[in-house]
Amino acid sequence: MTAPIVSIVIPGYNGEAFLADTLHSLAAQTLTDWEAIVVDDCSADGTRDLVRGWADPRVRLIENDVNGGPVRTRNRGVAAARGRFIAGLDQDDLCLPERLARQVAYLDAHPDVVLVGAQAEQLRDGRVSAMHYASHTTPDLIAWLSWIENPLVWSTVMVRSEVARALDPFTRPEILYAEDFDLYHRVGAFGRIARLDMPLLRYRQHAAGASQRFTETMRQSAMRVLAERHAAVLGVAAAEELARLLVLHNMGGVPVPDRATLQRLGAGITTLQTAFLAQERPDAESRQLIRWETARRWARIGRAGLRSGAVRLGDVVRARPPHLGLGYAGIETLAWCAAVGALRRAQERRAADQAGQRL
């Protein structure tokens, strides 16, 4: 049997409600030389029967004897893949028709790139909307963003199969729910990572999704990835502290609790960016994008802190890293957020006073 160009690996677990739509999205691909490997992790619903009865012979089923979790399940699918490229896909996400063709063409044209993702759209309650990822990227920007956050949607990823097989394991089971983020750091030893900037996937968000149910596990795993990545630059203790701040306040959107935390986070990002620019020496376009995207994140962090009432406008201005200005948010936007925060503080004081009077 001739090996396909692409193997799509789909871990399955109680995904009967979504999986048919996902497989239909593969059937609509303009590149038709693919196989889809659904690895079922002991589902209690009709997932196995759905795949067994699927009419397309390009779809095949592997069944786990015992529940091994999503990482081991994905790794088993990668081990069984026969394609020249391996594409990640979760059981509830939808590929747009050009996804496989465009990513294969990109990897064929860029031999220095070993993994390529794509822009994604969000699908929630039947409505499609943009996701908050950078609109324009270069491999250097993706490399920098991986120092401070997860820059790619896993279901958009395609990797060269020889690189996937060189990693042992492909994804680490101990980095649960951030194993993709970990992979992007580990795969850098083999070549560059890139992203196609057109949307090639619809990322389905729903209450049963792992990102909704396992937030704390995901955060702890992401903190470990960043702490390991930055220990050589910052030292172990400082890397662990900055990793915590980045995961909570940059990746997670949790408002900073005070001005001191904001200052530590800004100083840490500045130190990392200085080290990255010296190490990678990006070109002028990438350097500008790195500055811009970092500034966007700083503005988001500042706005969240201001709206929560934990920090004031003067705190954000004084704590900002020098090259970020006001984070390109505009003083009017920051002032509006500060006003929301002031109102919240007043409401909290009033509630505390009323509680004191009742006592």
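Which residue just after α10 takes a positive phi? Here are some notes on this predicted model, starting with that one.

1. The residue is Gly 253, and its phi comes out at about 75°. It's an easy spot to find if you scroll just past the end of α10.

2. Helix α10 itself covers residues 236-251, and its buried residues are Ala 239, Leu 242, Ala 243, Leu 245, Leu 246, Val 247, Leu 248, His 249 and Asn 250. Those buried residues pack against three helices: α9 (215-234), α11 (259-280) and α12 (284-308).

3. Two of those partners, α9 and α11, also pack against each other, at an angle of about 80° and with their axes 11 Å apart. Since anything from 65 to 115 degrees counts as roughly perpendicular, that label therefore fits α9 and α11. On the α9 side the contact is made by Arg 229, His 230, Val 233 and Leu 234, while α11 brings in Thr 271, Leu 272, Ala 275 and Gln 279. By type, the residues of this contact split into four nonpolar, three polar and one charged.

4. Now have a look at His 185, which sits in helix α7 (residues 179-186). Its side chain reaches the backbone oxygen of Ser 146 at 2.9 Å. Setting aside neighbours within four places in sequence, His 185 is in contact with Ser 146, Trp 147, Val 225 and Arg 229.

5. Arg 229 is worth colouring in your viewer: it's in contact with His 185, and it's also one of the α9 residues making the contact with α11.

Key: Residues numbered from 1 in each chain as written. Predicted model: local features only at pLDDT ≥ 70, side-chain atom pairs only at ≥ 80, totals over all residues. Heavy atoms only, no water. Helix = DSSP H or I, 4+ residues; strand = E, 2+ residues; numbered from the N terminus. Polar contact = N/O pair within 3.5 Å; in protein donor to acceptor, adjacent residues only side chain to side chain. Contact = heavy atoms within 4.5 Å. Buried < 20%, exposed > 50% of the residue type's maximum accessible area, 1.4 Å probe, protein only. Axes fitted to C-alpha atoms, helices over the stretch in contact; angles between N-to-C directions. Parallel < 35°, antiparallel > 145°, perpendicular 65-115°, else oblique. Nonpolar A, V, L, I, M, F, W, Y, C, P; charged D, E, K, R; others polar.
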